[in-house]
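Please look over the structure shown here with the report that follows, which takes up one aromatic side chain, two helices and a pocket in turn.

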Amino acid sequence: MKKNTSPGEGSDPIKPNIDSNPAYLNRELSLLAFNRRVLAQAEQRHIPLLERLRYLCIVSNNLDEFFEVRIASLLANSHTEDGSQVIDPPLLTEAFKLTSTECHDIVARQYAILNKEVLPQLSANGVHLLRHKDRNEAQRAWVKSYFEHEIRPLLTPIGLDPAHPFPQVLNKSLNFIVEMAGKDAFGREATIAIVKAPRVLPRVIRLPDALSPNGISFCLLSSIIHAHINDLFSGRHILSYYQFRVTRNSDLWVDEEEVKNLRQALQSELQSRQFGVAVRLEIAQNCPPHLSTFLLNQFSIAPNRMYAVDGPVNLVRLSEMIDQTTLPNLRFPTFTPGLPSHLLSEDIFTLLKRKDVLLHHPFQSFQPVIDFIRSAAHDPLVVAIRQTIYRAGMNSDLIESLILAAQLGKEVTVVVELMARFDEEANINWADRLERAGAHVVYGVVGLKTHAKLALVIRREIINGGKDDTNGLCFYAHLGTGNYHPNTTKLYTDFGLLTANQKLAIEVNEVFIHLTSLTKPKKMDHLWLAPFALQKELIRAIRNEAEIARQGRPARIVAKMNALLDESVIKALYAASADGVKIELIIRGACALRPGVTGLSDNISVRSIIGRFLEHTRIYYFRNNLQHDVYLASADWMNRNLFRRVEVAFPILDKALKKRVINEGLTPYLKDNVNAWELSSDGNWTKRKKGPRSAAFSAQQHLMSLLGASSETS
């Protein structure tokens, strides 16, 4: 299999992202600015301590992916396989300089918050992360016993010499470099050893409650190994030892035009992810230069991609500490999603015949969507179920229902996206189980990711009624902005529509026919399907608002999404702004559009909401002469979504539900003065502050109150 020499799916064309074009903001810096905003949550003293720690973990996880994908992509695209340059060296140098400075600043601030604020305050509240010097004699005895029985048997210390070369180091794994004096057992000089911590070992160990009279006590695996590393090298004098972690290029690539079976090829490629090109070195802050230089040379990493940290090299693993701490006062108050009462009292298919159902997650439960598929699996009138799967997790009641439906003899077709980054293995496993149950499993379209969120149930029913009763097929659909994942539906904001509108549902069926047959999709009146029509329809809708503005009538666009990076859409928005269209954008993450520039984007404002839940909804609103067109979508306004993925934007046709999307998904977020950040023309984000006479208003808190467990909203 040949190596990947082109941008991965996670990387839009590189040069525009690092160009100095003043009309656009730098993509990489915009991504890092998002992490600055998340990091700011960890500094908020009104947020419970364990949640502040969670925000620190989220930033670490985001930075891991930033290096695994974005920085790795810049490195991979600096040269092609024949050695020719893809990006001009000055541009590439400037890109690395800018991102390196910002990343180092973020990491330094992150560890400062951890060490000076979060951990001391957790300790004051009875949650202790104990270093060796903090442990009393009884705790040290327990830790030593734990090391001897649970850790040491699994460690393989490797002294480096010609017969013991530097070992393979897994992506993002915990390792130690050890410097020794004296001679080994064979009388030879061997000064450096490597100790790898197996991934089967927990990174956070909770001490028995009997040894924690002042609350809950934890030890890090790294701290335990540090304290007993001498026991691994009997007869040697240990001079020093330091933990380190290497991040590698994790973008998978298979030649989809050459392989005969994508699933088999991807299974092989997954093994190589752990040993991709090294892109970052994290190491203990007190590691001396000669050892850090040795590691940099070993992994061929430039010095500006080394991060010397004051604490554990992998903050993500501190989430294990959060999971094992059951102190309600240190967490956000428990929230129970709402469940509209009529969904409990009425058969789902009977209800949908009467009206559409709009669900706003996580404020409303995702359970009705699971029940929709489960009911279809058991319903004798249902003849077929079709579903897209992008991310579903390792455990999914929804997919279990699809498996049951196939076993019961229904026609089940599942489009499983095998290339969903970091969910590939889970999706391969689901594809295998679905196939063994008798479902038709396809992997989308070669070269495109299937990112649309669609489910379809086809039911044979009596149609018309009266003496002319006939049997016919009725279509029921679910269309969403987010994944069918049991965990993210509780943490991400998304909309989902359950509908028996036959015009919409039949078009959903056409999308599935397109994905399975690979035929050109039919022209659709309602759905905007990428990569065929979505970008064109977006540009058309934007230009339509511009035309309305040129005629002197009010024109307005409001859009909410995760990222705005596509150049064609940004140009259309700039042109519409120049024509007088009021444009309000709610962008959670990266935004290349530069708002508020005189003569370019005077009428455009951009804000971002960072709160308890991850904002994930994609909403497109166009005033359109008071038609108030509202679309929900799986797609952000990025090149990859519009041209290199299968995506669907769908209209909300019911006037009451359209009003709900506006009043729940847009208006509160434009009003928010608690969790809102505003983007200025210079690319800087500023936290929105409420005025002296205005009341504090949080969109997420408002929606929790409006739609929580006592709500009757449908």
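## A partly exposed tryptophan

Trp142 has a relative accessible area of 25%, so it counts as partly exposed, because that value falls between the 20% under which a residue is called buried and the 50% over which it is called exposed. The model is a predicted one, and within it Trp142 belongs to helix H5, which covers residues 137–151.

When neighbours within four places in sequence are left aside, the residues in contact with Trp142 are Ile205, Arg206, Leu207, Pro208 and Leu211. One of these, Pro208, is 66 residues away from Trp142 along the chain, and the C-alpha atoms of the two are 8.9 Å apart.

## Helix H17 and its surroundings

Helix H17 runs over residues 567–578, and its 12 residues should span 16 Å at 1.5 Å a residue, which agrees with the 17 Å that separates its end C-alpha atoms. The buried residues of H17 are Val569, Ile570, Ala572, Leu573, Tyr574, Ala576 and Ser577.

These buried residues of H17 pack against two helices, H16 (534–550) and H18 (639–643), and against the strands E19 (556–561), E20 (582–587) and E21 (604–609). After H17 comes Gly580, which has a positive phi, near 105°.

## Helix H19 and its kink

For helix H19, residues 655–671, the 17 residues should span 24 Å at 1.5 Å a residue, and the end C-alpha atoms lie 23 Å apart, which agrees. H19 nevertheless contains a kink of about 30°, and this kink is centred on Asn663.

The buried residues of H19 include Val661 and Ile662, as well as Glu664 and Gly665. Also buried in H19 are Leu657, Lys658, Arg660, Leu666, Pro668 and Tyr669, so that the list holds charged residues, among them Lys658, Arg660 and Glu664, together with nonpolar ones such as Leu657 and Leu666.

## The second largest pocket

Where does the lining of the second largest pocket come from? At least two residues of that lining are supplied by each of helix H4 (89–124), strand E1 (127–129), helix H6 (221–228) and strand E7 (237–248), and the largest share, 5 residues, is that of H4.

The second largest pocket has a volume of about 850 Å³, and 27 residues line it, with Arg131, Gln243, Asp310, Gly311 and Pro312 lying nearest its centre. By residue class, the lining of this pocket is made up of 13 nonpolar, 10 polar and 4 charged residues.

Key
Residues are numbered from 1 along each chain as its sequence is written. This is a predicted model: local features need pLDDT of at least 70, side-chain atom pairs count only at pLDDT 80 or more; totals for chains, interfaces and linings use all residues. Side-chain values use heavy atoms; hydrogens and water are left out. On a 1 Å grid over the protein atoms alone, a cavity is a set of points where a 1.4 Å probe fits but cannot get out, and a pocket is an open set with protein on both sides within 12 Å along at least five of seven lines; lining residues have an atom within 4 Å of a point. Grid points are joined across faces, edges and corners, and a volume is the space filled by probe spheres set on the points. Helices (H or I, at least four residues) and strands (E, at least two) are DSSP runs, numbered from the N terminus. Buried means under 20% relative accessible area, exposed over 50%, partly exposed in between (1.4 Å probe, protein chains only). Contact means heavy atoms within 4.5 Å. The expected span of a helix is 1.5 Å times one less than its number of residues. The bend at a residue is the angle between axes fitted to the seven residues ending there and the seven starting there.
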